[in-house]
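Student: Could you walk me through reading a few features in a structure like this one? I'd like the general idea and then the actual case.

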Amino acid sequence: MNGIVIIFFSLLVLSLILIFLTINTLPQLGDERKKLIKMKAQSYSFAVVIVVLVIEMGEKVYSVFWGSNTYEGISPFSFLLSICIIYLFTLLFYKRKYGN
């Protein structure tokens, strides 16, 4: 079990480092484009978070009323890792689209 936690933690740290490195290279592009890139990446990541949470709520309601009455929930660590990775990819995508 400790190996899995170490792998997830290292992926989280790696994605956070890559996010910070990507954001640090954005000031070279200019103020308006930097704001646009960050805003688009943040809005897409926020939309993914909302959709995932709505799906989780639907699963919880279904499991309580019609299912086996047990609900395990979502792992906060894996949820945070997946959102960081989605934000990193959208940040890199919009940086390539609007930055070059």
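Tutor: We'll go through ring pairs, burial, contacts and a surface patch. Keep in mind that this is a predicted model.

Student: Let's start with rings. How many aromatic pairs are there here?

Tutor: The idea is to look at how far apart two ring centres lie and then at the angle between the planes. By that rule the count is 5 aromatic pairs. Take F8 and F77: their ring centres are 6.2 Å apart and the planes sit at 85 degrees, so this pair is edge-to-face.

Student: And which parts of the chain does the F8 and F77 pair tie together?

Tutor: F8 is in helix α1, while F77 is in helix α3 (residues 76–99), so the pair joins parts 69 residues apart in sequence.

Student: Are those two rings buried, exposed or partly exposed?

Tutor: For that you check relative accessible area, where anything from 20% to 50% goes down as partly exposed. F8 comes out at 32%, so it is partly exposed. F77, at 29%, counts as partly exposed too.

Student: What about Y94 and Y98, stacked or edge-to-face?

Tutor: Stacked: the centres are 6.0 Å apart, with 15 degrees between the planes. Both residues belong to helix α3, and their spacing of 4 residues is about one turn of the helix.

Student: Which of the two tyrosines is buried and which is partly exposed?

Tutor: The cut-off for buried is under 20%. Y94 has 15% relative accessibility, so it counts as buried. Y98 has 24%, so it is partly exposed.

Student: Which residues do ring pairs link into a cluster?

Tutor: Those are Y62, F65 and W66.

Student: Now a residue with no ring. T22: buried or exposed?

Tutor: T22 lies in helix α1. Its relative accessible area is 8%, so T22 is buried.

Student: And what is T22 in contact with, beyond its neighbours within four places in sequence?

Tutor: With those neighbours set aside, T22 is in contact with L88, L91, L92 and K95.

Student: Last one, the surface. Which residues make the nonpolar surface patch?

Tutor: For a patch, you look for nonpolar side chains that have over 30% relative accessible area and can be joined up. Here I4, I7, F8, F9, L11, V13, L14, I17, L18 and L21 make a patch of about 870 Å². One of them, L21, is found in helix α1 (residues 2–25). L21 has a relative accessible area of 48%, so it is partly exposed. F8, from the edge-to-face pair, is also in this patch.

Notes. Residues are numbered from 1 along each chain as its sequence is written. This is a predicted model: local features need pLDDT of at least 70, side-chain atom pairs count only at pLDDT 80 or more; totals for chains, interfaces and linings use all residues. Side-chain values use heavy atoms; hydrogens and water are left out. Patches are made of residues with over 30% relative accessible area and no salt bridge: like charges are joined within 9 Å, nonpolar side chains (Val, Leu, Ile, Met, Phe, Trp, Tyr) within 5 Å. Accessible areas come from the Shrake-Rupley method with a 1.4 Å probe; for residues, only the protein chains shown count as cover. A salt bridge is a side-chain nitrogen of Lys or Arg within 4 Å of a carboxyl oxygen of Asp or Glu. Helices (H or I, at least four residues) and strands (E, at least two) are DSSP runs, numbered from the N terminus. Buried means under 20% relative accessible area, exposed over 50%, partly exposed in between (1.4 Å probe, protein chains only). Rings of Phe, Tyr and Trp (its six-membered ring) pair if their centres lie within 6.5 Å; planes under 30 degrees apart count as stacked, over 60 as edge-to-face and the rest as tilted. Contact means heavy atoms within 4.5 Å.
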